[in-house]
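Visitor: I would like to learn how to read this model feature by feature. Where shall we begin?

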Amino acid sequence: IVVSVSDTGIGIPAEKQERIFDAFEQADASIERQYGGTGLGLAVTRQLVELHGGELRLESTPGEGSVFSFTLKVAEEAPEGDRRPAALVAPVSAALAAPVPVAEEAPAARPVTATEAPEGAPRILVVDDDPINLQVLHNYLVAEHFDLTMASSGDEALRLLGEQTFELLLLDIMMPRMSGYEVCRTIREQLSRDELPVIFLSAKNRPTDRVTGFEEGANDYLAKPIARSELLARVEAHLELLEVHRGQLEEVKALRGLLPICCVCKKIRDDGGYWNQLEVYIHQHS
């Protein structure tokens, strides 16, 4: 049996047609590409087809679209113990042969944008263009009683950050139109690493990718697929550091309000000792 699936997408140049079957490869591999995804679908599909003794083929024209075809061996007889009525076979065959209507732009499934959490729970903004990734992260974190808000694009994340206050940002890098790098760069113009920790989540796992992430303002970097235990450990660590930093800021503000007043003349003393100590304290904790 040969099954073909055609699209009217961007098409794939001849020199890239074999590479796209490799893991994490895409026809458009830029971090700000128009379409989402991680580049795993075709790699997994080819392995599944070959495990069934079939073959996956591609015909594509840039700017017009692509046709992916795969073969499956036909069973000569039903496996022993298969008692499905023969009447079921014809409808299934007809369904496979019938053309499948394709919507121009199918709406993506989205998890809930926020979760009900206990009063005072840390607020975390999760940003990823893949709804499945959002759902996985939601499942990991909601059980820990965090106050979660989900966003599917960089634009949406920046809008939410302008309207609300968050304690932590979990940010995908490879997103359509606006990459995670650009989102983090924009955030750092207003908020420092101490004010809003950012953890990058990405399938890009080379040392150069990690270095770029830190240069763009990230506090941490986790490679996909992400282990739940490691994610929770990193989240808890950065939330604790944020709490320590906020406590130090309050101490600094309190010290700035204590001026050394002379008991005799009621004027501010300027003997250098007090101010030197205050400057040392502020420098150590800034």
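Visitor: Is Asp-172 buried or exposed?

Guide: This is a predicted model, so read every value as computed from it. Buried means under 20% relative accessible area. Asp-172 has 4%, so it is buried.

Visitor: Which residue forms a salt bridge with Asp-172?

Guide: Start with the general idea. Side chains of opposite charge can pair when their charged atoms come close. Here the partner of Asp-172 is Lys-224, and the closest N and O atoms are 3.2 Å apart. The pair links distant parts of the chain: Asp-172 sits in strand 6, Lys-224 in the loop between strand 8 and helix 7, 52 residues apart.

Visitor: Which residues are linked with Lys-224 in a network of salt bridges?

Guide: Asp-128 and Asp-172 are linked with Lys-224 in that network. For the pair Lys-224 and Asp-128, the closest N and O atoms are 2.9 Å apart. This pair, too, links distant parts of the chain, 96 residues apart, with Asp-128 in the loop between strand 4 and helix 3 (131-142). Check the cover next. Asp-128 is buried at 1% relative accessibility. Lys-224 is buried at 17%.

Visitor: How many salt bridges does the model have?

Guide: The count comes to twelve. One of them joins Glu-163 and Arg-159, with the closest N and O atoms 3.3 Å apart. Both residues lie in helix 4, four residues apart, about one turn of the helix. Glu-163 is exposed, with a relative accessible area of 54%. Arg-159 is partly exposed at 43%.

Visitor: Now the sheets. In what order do the five strands of the parallel sheet stand?

Guide: First, the principle. Strands of a sheet pair through backbone hydrogen bonds, either parallel or antiparallel. In this open sheet the order is 5-4-6-7-8, and the pairing is parallel. Strand 5 (147-151) and strand 8 (220-223) stand at the edges with a single partner each, so one side of each has no neighbour in the sheet. From one strand to the next, the twist averages 20°.

Visitor: How many bridges join strand 7 to strand 8?

Guide: Four, and the two strands run parallel. Phe-200 has Tyr-221 in strand 8 as its bridge partner. Helices pack on this sheet as well. Helix 4 (residues 154-163) touches strand 4, strand 5 and strand 6, and its direction makes about 140° with that of strand 5. Helix 6 (residues 207-215) touches strand 7 and strand 8, at about 145° to the direction of strand 8.

Visitor: Which residues of strand 7 point one way, and which the other way?

Guide: The general rule helps. In a regular strand the side chains alternate between the two faces of the sheet. In strand 7, Val-198, Phe-200 and Ser-202 point one way, while Ile-199 and Leu-201 point the other way. Five of the five residues are buried, so strand 7 is largely enclosed by the rest of the structure. On the side of strand 6, four bridges join it to strand 7 in parallel. There the bridge partner of Leu-170 is Ile-199.

Visitor: What is the strand order in the sheet of three strands?

Guide: The order is 1-3-2, in an open sheet with antiparallel pairing. Strand 1 (2-6) and strand 2 stand at the edges, so each has one side without a neighbour in the sheet. The twist averages 15° from one strand to the next. Five bridges pair strand 1 with strand 3 (residues 65-71). Among the facing residues, Ser-4 stands opposite Ser-69. Helix 1 packs on the sheet and touches strand 2 and strand 3.

Visitor: Which residues make a nonpolar surface patch?

Guide: Leu-40, Val-44, Leu-48 and Leu-51 make one of about 380 Å². Leu-48 is in helix 1 (residues 41-51). Leu-48 is partly exposed, at 48% relative accessibility.

Visitor: After helix 1, where does Gly-54 lie?

Guide: Gly-54 lies in the loop between helix 1 and strand 2 (56-61). Gly-54 is buried at 14%, whereas Gly-53, at 42%, is partly exposed. Gly-54 touches Val-49 and Thr-71, leaving aside residues up to four places away in sequence. Gly-54 and Lys-73 are 19 residues apart in sequence, yet 6.8 Å apart in space, C-alpha to C-alpha.

Note on methods:
Residues are numbered from 1 along each chain as its sequence is written. This is a predicted model: local features need pLDDT of at least 70, side-chain atom pairs count only at pLDDT 80 or more; totals for chains, interfaces and linings use all residues. Side-chain values use heavy atoms; hydrogens and water are left out. Patches are made of residues with over 30% relative accessible area and no salt bridge: like charges are joined within 9 Å, nonpolar side chains (Val, Leu, Ile, Met, Phe, Trp, Tyr) within 5 Å. Accessible areas come from the Shrake-Rupley method with a 1.4 Å probe; for residues, only the protein chains shown count as cover. A salt bridge is a side-chain nitrogen of Lys or Arg within 4 Å of a carboxyl oxygen of Asp or Glu. Buried means under 20% relative accessible area, exposed over 50%, partly exposed in between (1.4 Å probe, protein chains only). Two strands pair if DSSP finds at least two bridges between them. Axes are lines fitted to C-alpha atoms, for helices over the stretch in contact, and angles run from 0 to 180 degrees between N-to-C directions. Contact means heavy atoms within 4.5 Å.
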